[in-house]
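Hi,

Here is the structure I promised to pass on to you. Have a look at it first, and then read on for what turned up.

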Amino acid sequence: MNDDVRFKKELDSETKQKKRAEAIADPVQLLPLTSDIVFKQVFGQEESKPILRVFLNDVLGLDIKSADQITLLNPTIDPKYLDDKMCILDVRVQLSDRSSIDVEIQVLNRHNMESRALYYACQLCTEQLHAGDDYAKIAPVYGLNLLCFDLYEDTCYYRSFVLKDRKTNTPYKQKFEIAFFELRKAVGELSRTKEVKTLALSELTARDRWALFINFGKKEVYEKLVEEDKTFEEAYERLKKASSDEKLMAMYRSREKAIRDWNDSINSARREGQITELIELVRDGLLDVQKAAERAGMTLEEFQAAMKKE
């Protein structure tokens, strides 16, 4: 290799490293990717299909060759739905082989996740057929659920369920898969590994690196991921762009307020139910009023006033 060629390669390498350093050094306050509206903006737009392709391949184990094989079915974010905490801001995809994929990130544990995931995966099946269509047209279905809470009580943070014969374990001919990726649990488990402690992130699986990118939130981890992988660099740039968008910021705040209000109403209902139970115990002579007030986190006077209202 002559000196001119060697110098050009070194210069290109330095330029790339400088760009990546500038990207990370940007003072923009990043929005959380665990917000469904932010996730949809980063992964679920036409210009982000190359990122989405790699993400789906890494997490679901697919083999999508090109971003051109991906059709986004719902790229638009309609502001009128943002105040509805029950509204699903998912990323729906159809591949060139007609496979359907639904990616949903879920912050709230409404204690119905498995049933909910099954319902939406089945909905993908029914939406493939129209009146008069042959059942043979049904294509593979994948439901990917990214969870910001723990669904199962063990250390396994990625589960993929498929249809199989109970006796022979033979997979059902028609591909139907529901996956749960517990991001909070993943980050908790990965944080204890030497790969994360030493930032040797290239030694992790691609799926594990996505868990860190979406939910870890530490600058040094972002730096390492961006440094080692062009896809993470592109995703990081999209996240920065989304975080600088005033309109998206307003939509994000509206969405977060709806979720907070929902949480407050649930917590309030639970607290009212707890106080009612304590009042009944006091009236039945099963609990001292002072202890009941302490359990409710109230003063004696506050608890006695609550008893009068019941």
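Let me start with a cavity: the second largest one holds about 40 Å³ of space. Please keep in mind that this is a predicted model. The search covered the whole structure and found two cavities of 30 Å³ or more.

The lining of the second largest cavity consists of Asp102, Glu104, Ala117, Tyr120, Ala121, Gly143, Asn145 and Ile178. Strand E3 (100–106), helix H4 (113–126) and strand E4 (141–147) each give two or more residues to that lining, and H4 gives the most, with three. Sorted by class, the lining has four nonpolar, two polar and two charged residues.

Next, the packing. The largest nonpolar core has 60 residues, and Phe55 and Phe213 have the most contacts inside it. Helix H3 (residues 49–60) gives the most to this core, with seven residues. Leaving aside neighbours within four places in sequence, Phe55 is in contact with Phe39, Phe43, Leu60, Val103, Leu144, Leu146, Trp210 and Ile214.

Last, the cysteines. The structure holds zero disulfides. Why is Cys122 not bonded to Cys125? The closest cysteine sulfur to that of Cys122 is the one in Cys125, and at 6.2 Å it is too far for a bond, because a disulfide needs the two sulfur atoms within 2.5 Å. Cys122 is partly exposed, with a relative accessible area of 34%, whereas Cys125 counts as buried at 18% relative accessibility.

Happy to talk it through whenever suits you.

Best wishes

Key:
Residues numbered from 1 in each chain as written. Predicted model: local features only at pLDDT ≥ 70, side-chain atom pairs only at ≥ 80, totals over all residues. Heavy atoms only, no water. 1 Å grid on protein atoms, 1.4 Å probe; cavity = no way out; pocket = protein on both sides within 12 Å on 5 of 7 lines; lining within 4 Å. Points joined across faces, edges and corners; volume = space filled by probe spheres on them. Helix = DSSP H or I, 4+ residues; strand = E, 2+ residues; numbered from the N terminus. Nonpolar A, V, L, I, M, F, W, Y, C, P; charged D, E, K, R; others polar. Core = buried A, V, L, I, M, F, W, Y, C linked by side-chain atoms within 4.5 Å. Buried < 20%, exposed > 50% of the residue type's maximum accessible area, 1.4 Å probe, protein only. Contact = heavy atoms within 4.5 Å.
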